[in-house]
Amino acid sequence: MNLETSHKKDELLEMLWRLHEFYELTMPAFQAHDPTGVYQGYLKEFASNGVLRVEGEQIVLTTEGLEMARGLVRRHRLAERLIVDVLGKRPEETERSACEFEHILAPELVEAICTLLGHPRFCPHGIPIPEGSCCLESRKSVESAVIPLTHLAKGQKGRIVFLNTHDNTRLQRLLHIGLVPGTWVTMLQHYPALVIVIENSQIAIETSIGEEIRVVPGEPIRSGGYDGIS
Ligand SMILES: [Zn+2]
Ligand SMILES: [Zn+2]
């Protein structure tokens with residue numbers, strides 16, 4: 001198979017994935033995205049190779065087809081991240097190079113790049129990057145390290161890593177009182193009210209709010225800061 005054919009097939013797979021992801025994977029939708037019929041032949045070939053099935057108007061990617069398309073899209077969007085985050089290009093400059101990258105990246109490299117980039121969830125255009133096994137692994141280990149603030153023992157310190165709230169008003173309030181990611185907190189008491197120390201001052205917060213604040217237990221690296229519990 002020559003290079004151009006293989007690129008065309010990859011492009012078609014990506015197009016099918018996008019339809020599957022955002023729109024609907026039907027013949028009319030496919031034809032609307034392939035007005036000149038460039039991919040028609042490849043679609044037939046995919047059908048005969050077990051990459052997909054055509055059922056009436058529906059196009060159904062087989063398990064194998066889904067896996068192939070997902071992998072391609074993952075490589076493409078990770079390449080975009082790499083180009084933007086590491087090479088400092090603007091998102092609109094990524095398209096050509098990302099398309100080239102995705103064909104040449106070996107699977108082992110994909111995992112390494114994903115890890116290097118911190119397992120990004122979204123491409124620079126804000127579209128989700130399909131997860132790889134490296135992402136699932138890292139999430140498992142991160143999840144065990146990150147705990148709700150309320151799980152800190154009395155006297156234990158932790159660094160705020162994120163605020164797990166979807167309530168915007170509440171989020172603003174937390175930020176306003178200084179509960180921002182990166183801040184060290186010390187647990188003073190759990191009951192009757194949750195009392196913590198940040199930046200030398202004691203504050204009481206509702207337990208439900210404490211549940212939404214996620215921390216990594218530990219000690220600040222620099223000594224000589226506040227000593228809120230002595
Ligand atoms: Zn993108
Ligand atoms: Zn990953």
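Visitor: Why is cysteine 114 called buried or exposed, whichever applies?

Guide: Cysteine 114 has a relative accessible area of 0%. Buried means under 20% relative accessible area, exposed over 50% and partly exposed in between, with a 1.4 Å probe and protein chains only; cysteine 114 is therefore buried. The model is predicted, so that local features need pLDDT of at least 70 and side-chain atom pairs count only at pLDDT 80 or more, while totals for chains, interfaces and linings use all residues. Residues are numbered from 1 along each chain as its sequence is written, chains are lettered from A and ligands numbered from 1 in the order in which they are written, and side-chain values use heavy atoms, with hydrogens and water left out.

Visitor: Which atoms coordinate the zinc ion (ligand 2)?

Guide: Cys114 (SG), His119 (ND1), Cys134 (SG) and Cys135 (SG) do so, at 2.1 to 2.4 Å. Donors are N, O and S atoms within 2.8 Å of the metal (3.2 Å for Na, K and Ca); water is not among the atoms, so sites may look incomplete. Along the chain, the spacing of these donors is C-x4-H-x14-C-C.

Visitor: What makes the arrangement around the zinc ion (ligand 2) tetrahedral?

Guide: The angles subtended by its four donor atoms run from 99 to 121 degrees. Four donors count as tetrahedral if all angles lie between 85 and 135 degrees, so the arrangement is tetrahedral. The ideal angle for four tetrahedral donors is 109.5 degrees.

Visitor: How do you know whether histidine 119 is buried or exposed?

Guide: Its relative accessible area is 15%, so histidine 119 falls in the buried class.

Visitor: Which residues coordinate the zinc ion (ligand 1)?

Guide: The donors are Glu80 (OE), Cys123 (SG) and His125 (ND1), at 2.0 to 2.4 Å, and their spacing is E-x42-C-x1-H. Glutamate 80 in helix α4 and cysteine 123 in the loop between α6 (107-116) and α7 (133-145) are 43 residues apart, a link between distant parts of the chain. Helices are DSSP runs (H or I, at least four residues), numbered from the N terminus. Both glutamate 80 and cysteine 123 are buried.

Visitor: Why does arginine 81 count as buried or exposed, whichever applies?

Guide: Arginine 81 lies in helix α4. With 17% relative accessibility, arginine 81 meets the limit and therefore counts as buried. Its C-alpha atom is separated by 23 Å from that of proline 181, 100 residues apart along the chain.

How values were computed: Tetrahedral: all angles 85-135°; square planar, octahedral: opposite > 155°, others 65-115°. Helix = DSSP H or I, 4+ residues; strand = E, 2+ residues; numbered from the N terminus.
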